[in-house]
Amino acid sequence: MNRSKRLYVLFGVLLVFCAVTLGVSRYEEHTEKIKNSNEIIMEINSDDVTSLSWECGSEAFAFHKDEIWLYDEDENFPVNEDKIGQLLDNFKSFGVSFMIEDAEDLSQYGLNEPICKIYIGEGEETYEIALGNYSEMDEERYVSIGDGNVYLVKEDPLNSFDIELSEMIRHDKIPEFDFVTEIEFAGSENYKAVYKEDNQVTYSKEDVYFVKEDGKELSLDTENVDRYLEVIRELNLTNYVSYYVTDEELRTYGLDEPELDVTLKYLAAEDEGEEETEEMVELHISREPEEKKRAEEAAKSSASDESPEDTETVEEITAYVRVGESKIIYKLSGLDYEELMDASYNAFRHKKVIWADFDDISHVEISLEGAEYELTVKEEDKENVWYYQKEEIETDDFRNALNSLSASEFTEEEPAGKEEISLTLQINSDNQPEVQIELYRYDGDNCLAVVDGTSVALVDRSYVVGLIEAVNSIVLN
């Protein structure tokens, strides 16, 4: 190799060495600008914010404030202002744990093409926050705020902003109601149940809800009423189908003429210690009209034994609910629809033929197979002791058999079969001191229960047989 070639090679090596030296020098200079930090890089008062928008993936939303928060694309959209506040809380005191000053290559942090951009307007100023890659090692997100630095942030804003529009809606809420004073039904059911604390109608102190029929007050089973109210409390009002319903849409959902309207009146106090006021909430419930029509036709066909169709499952039901005059329409689950529509008097009335507390019964007269028997009770050492013909008796089987008499079906049919057994109960109650129960043979599976001369229900015959056996075990021993 001649001398000139060696000079060229040496010159090339020198250039490479200088380039490497310069790169290392710059790298060392760059790494010197990386440091831990506890700095608060942004403090935003949500009350001063006038606009908020973001672009995350394929989603982009924009909101502005004009006394209330509005959705830019549709100001009829009911914005959840609490949700806006929660989003802005990310930047109330936006702290970082790591800072890279004057970052040169944003691509290594995912900030050349951010996965999310957030814009916050505050008066004349607009803040831009870009969210980059997630550092698996630090378990924090790379962020830039347009000041030339890159930060690792303690709280990842993406957790809040990676959402859908449905999460920004101000949903209707079922109010908290512990004390319901009145339940009124209109539509498929038409009656009113009223709360009465001072029960002067029935022998049970647990009876607090009553309906009026033909001038008489009829008690409801409090557990059945509470179960229905719990269905309303637990309604999941999030699956909306329209957030600003039109009259045409109301017809589409069958809510121009709802199948059932439920109105609750309840006592509420704004703050603890304040006087309670009566408030009201209304629910309007209906099925999709064509589906409802098909179901009604199928029911008629089945009732007349003309080509009966398969029974519809709750999963096949399409139903909707509206709260008061709200513009939001929600889709109901088939199960919720069925439970809400199950609002007849029979659904709420007592299933038990006798629901008095057994300890309140003081005397029983029994008529069985033409023979008459009497069971009496005396209080001894503050306990009730039962007797038959002056002999102390065990009444557990009799008590259980009496409590088991429960309606399998309510009916007003007059008895036509043989009387199986009848009982007259004396009860320690000024309201209803005596109850007479007559049980008649109806068919092989059922007996007809008549209470105080009025036909009430069909009862599983096995329960009646159990009662007869319990009586026989007392009177034949």
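This section describes a nine-stranded sheet, the helices packed on it, a disulfide and a buried tryptophan in a predicted model.

The sheet is open and comprises nine strands, which pair in the antiparallel sense. Their order across the sheet is 14-13-12-11-16-17-18-19-15. The edges are formed by strand 14, covering residues 216-219, and strand 15, covering residues 240-242, each of which pairs on one side only. From one strand to the next, the twist averages 30 degrees. At one of these edges, strand 14 is joined to strand 13 (residues 209-213) by four bridges, and the pairing is antiparallel. Within this pairing, Phe210 has Ser219 of strand 14 as its bridge partner.

Two helices are associated with these strands. Helix 4 (residues 222-233) lies across strand 11 (180-187), strand 13, strand 16 (260-268) and strand 17 (277-287). The angle between helix 4 and strand 16 is about 95 degrees. Helix 7 (residues 334-341) also packs on the sheet, where it touches strand 16, strand 17, strand 18 (319-323) and strand 19 (329-332). The direction of helix 7 makes about 120 degrees with that of strand 17.

The structure holds one disulfide. This bond is formed by Cys56 and Cys116, whose sulfur atoms are 2.0 Å apart. The torsion about the S-S bond is about -45 degrees, and the disulfide is therefore left-handed. Cys56 belongs to strand 3 (residues 51-56) and Cys116 to strand 7 (residues 116-122), so the disulfide ties together parts that are 60 residues apart in sequence. Both Cys56 and Cys116 are buried. Another cysteine, Cys447, has a relative accessible area of 0%; because this value falls under 20%, Cys447 is classed as buried.

Strand 3 also contains Trp54. With a relative accessible area of 1%, Trp54 is likewise buried, because the limit for this class is under 20%. When neighbours within four places in sequence are left aside, the residues in contact with Trp54 are Glu59, Ala60, Phe61, Phe63, Leu87, Lys117, Ile118, Phe161, Ile163 and Met168. For one of these residues, Phe161, the backbone oxygen is reached by the side chain of Trp54 at 3.3 Å. Trp54 and Ala186 are 132 residues apart along the chain, and their C-alpha atoms are separated by 46 Å.

How values were computed. Residues are numbered from 1 along each chain as its sequence is written. This is a predicted model: local features need pLDDT of at least 70, side-chain atom pairs count only at pLDDT 80 or more; totals for chains, interfaces and linings use all residues. Side-chain values use heavy atoms; hydrogens and water are left out. Two strands pair if DSSP finds at least two bridges between them. Axes are lines fitted to C-alpha atoms, for helices over the stretch in contact, and angles run from 0 to 180 degrees between N-to-C directions. Contact means heavy atoms within 4.5 Å. A disulfide is a pair of cysteine sulfur atoms within 2.5 Å. Buried means under 20% relative accessible area, exposed over 50%, partly exposed in between (1.4 Å probe, protein chains only). A polar contact is a pair of N or O atoms within 3.5 Å; within protein, one must be able to donate a hydrogen and the other to accept it, and residues adjacent in sequence count only if both atoms are side-chain atoms.
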